Amino acid sequence: MNQAVVFAFVSMACYGLGDCVYKLAARAGVRADRLLLVQSWVWWLMVLPFAVATGAFVPVPAMAWSAAGGTSSCIGLYLFIRSLGEGSVSTYAPIFRLNFVITVFLVIVVLGEPLTPFKAIGLALTLAATWLLMGGGGVDRRAAGKGSRRSVIQLATGTLVFGASNFFQTVSLRSGTLPETAAVASGTAFALTATAMVYWSTRRLWPTRPALKFGAVTGALLVGAVVCLLHGVAAGQASVVVPITQMAFVISAPLGVMVLSEQMTARKVIGLGAALAALAVLMEA
C-alpha cells in the first residue's frame, strides 16, 4: 500500500466520523452556520501553529487556489449539514460523497491525469455503491412536501460545490503549494466564510454551548481529514486519492445504523459490499 493511499484511508475515516457528528448536531438542533463557525476556528487554531512550527508554512501565489477551496468546502458543508436536518446520514452521506465525481472529471479533463482500467472499474463500483445506498429512505417520514424537496436541493448543491473545492486544492498543490500551507490558506478562507455567514444571519458571533461541543469535535476531525487528503494528493493521483477519501460512507453508514438507529436494508448491505470492492480496486489503480 503506497503512501498516498494510506493518507487517503486516514482522511476517509476522519470524514466518516465527522459525518456522523454532523447528524448528531442536526438532531440536537445546532444551526449549521454556528457549527461551521466553531469548526473553522478549531481548524485554523490547530493547523496554523503546526505549519509554522514545522517550517511548512511557505506562502506562494498558488495558495490562492487553496483559499478558493476553503470557501467552496465551507459552503458545501453548510448545505450538507442543513440537509441532514431532514435526511438520514446513512443515505445522505453517500450522496454527498459523490462530490468526488466532479473532482475526478476536472482533474482528468483539465489536469490530464490518466484514466486507467483499474481506476475506471473502481469509479464504476463506487457509483454503484452510492446508487444502492441512496435507495433506502433518505428523508425522515416526518419531513414531507416542501421540506423534503428543500433538503434534496441543499444536498445536491452542496455536493457540487464541495467537489469543486477538492479540484481547487489539487490545482494549488500541483502549482507548488506545500500541503500544510494549503491547509492554512484553506482554513483561513473557511473561517472567514463561516464567520461572515453567521454574522450576516444573526449579527452576533458567540456560539451556543452545543455548537461549541460539536464544532470542536468536527473541527479536529476535519483537520485530520484535510491534512491527510492534501498529503495524499501531493504524493499520488487526485483521481485515486479523492474517491477513496470521499467513500467516507463506509464509516458513516454502518455507524448511522448502529449508533443513530437508522434502518439497515439488504440494499444498503449490498451497497457497502460494492464500496469495499471499489476500495480494493482503487488501491491497485
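## Largest cavity

Four helices, α3 (63-83), α7 (146-174), α8 (179-202) and α9 (209-235), each supply at least two residues of the lining of the largest cavity. The model is a predicted one. The volume of this largest cavity is about 100 Å³. Its lining has 15 residues, and those closest to the centre are Tyr-15, Ser-73, Asn-166, Gln-169 and Val-226.

The chemistry of the lining of the largest cavity is uncharged: nine residues are nonpolar, six are polar and none is charged. In total, the structure has three cavities of 30 Å³ or more.

## Second largest cavity

The second largest cavity has a volume of about 50 Å³. Its lining consists of Cys-14, Tyr-15, Gly-18, Asp-19, Tyr-22, Leu-77, Arg-97, Thr-218, Leu-221 and Leu-222. Two elements, α1 (3-27) and α9, give two or more residues to this lining. Helix α1 gives the most, with five residues.

Charge does appear in this second lining. The split is six nonpolar, two polar and two charged residues. Tyr-15 belongs to the lining of the second largest cavity. Tyr-15 is also among the residues closest to the centre of the largest one.

## Aromatic pairs

How many aromatic pairs does a search of the whole structure find? The count is seven. One of them joins Trp-65 and Phe-168. A pair of aromatic rings is described by the distance of the centres and the angle of the planes. For Trp-65 and Phe-168, the centres are 5.9 Å apart and the planes make 40°, a tilted arrangement. The pair connects distant parts of the chain, with Trp-65 in helix α3 and Phe-168 in helix α7, 103 residues apart. Trp-65 has a relative accessible area of 38%, so Trp-65 is partly exposed.

Ring pairs also join Tyr-15, Tyr-22, Phe-80, Phe-96 and Phe-162 into a cluster. Two members of the cluster, Tyr-15 and Tyr-22, are found in the lining of the second largest cavity.

## Ser-72 and the α3 side

Ser-72 is in helix α3. Is Ser-72 buried or exposed? With a relative accessible area of 11%, Ser-72 is buried. Leaving out residues up to four places away in sequence, Ser-72 touches Val-161, Phe-162, Ser-165 and Phe-168. Two of these contacts return to the rings: Phe-162 belongs to the ring cluster, and Phe-168 pairs with Trp-65.

## Two buried polar side chains

Ser-40 sits in helix α2 (residues 32-53). The relative accessibility of Ser-40 is 0%, so Ser-40 counts as buried. Where does the side chain of Ser-40 reach? The side chain goes to the backbone oxygen of Leu-37, at 2.7 Å. Not counting residues up to four places away in sequence, Ser-40 touches Phe-190, Ala-191 and Ala-194. Over a longer span, Ser-40 and Val-240 are 200 residues apart in sequence, with 27 Å between their C-alpha atoms.

Thr-126 belongs to helix α6 (residues 117-134). Thr-126 counts as buried because its relative accessibility is 0%. The side chain of Thr-126 reaches the backbone oxygen of Gly-122 at 2.8 Å. With residues up to four places away in sequence set aside, Thr-126 touches Phe-100, Met-247, Ala-278 and Leu-282.

## Partly exposed positions

Arg-150 is in helix α7. Why is Arg-150 classed as partly exposed? Its relative accessible area is 42%. That value falls between the 20% bound for buried and the 50% bound for exposed. Arg-150 and Glu-86 lie 64 residues apart in sequence, and their C-alpha atoms are 9.1 Å apart.

Ala-196 is placed in helix α8. Its relative accessibility is 46%, so Ala-196 also counts as partly exposed. Ala-196 and Gly-18 are 178 residues apart along the chain, and 23 Å separates their C-alpha atoms. Gly-18 is one of the residues that line the second largest cavity.

Note on methods:
Residues numbered from 1 in each chain as written. Predicted model: local features only at pLDDT ≥ 70, side-chain atom pairs only at ≥ 80, totals over all residues. Heavy atoms only, no water. Buried < 20%, exposed > 50% of the residue type's maximum accessible area, 1.4 Å probe, protein only. Polar contact = N/O pair within 3.5 Å; in protein donor to acceptor, adjacent residues only side chain to side chain. Contact = heavy atoms within 4.5 Å. 1 Å grid on protein atoms, 1.4 Å probe; cavity = no way out; pocket = protein on both sides within 12 Å on 5 of 7 lines; lining within 4 Å. Points joined across faces, edges and corners; volume = space filled by probe spheres on them. Nonpolar A, V, L, I, M, F, W, Y, C, P; charged D, E, K, R; others polar. Phe/Tyr/Trp six-rings, centres within 6.5 Å; stacked < 30°, edge-to-face > 60°.
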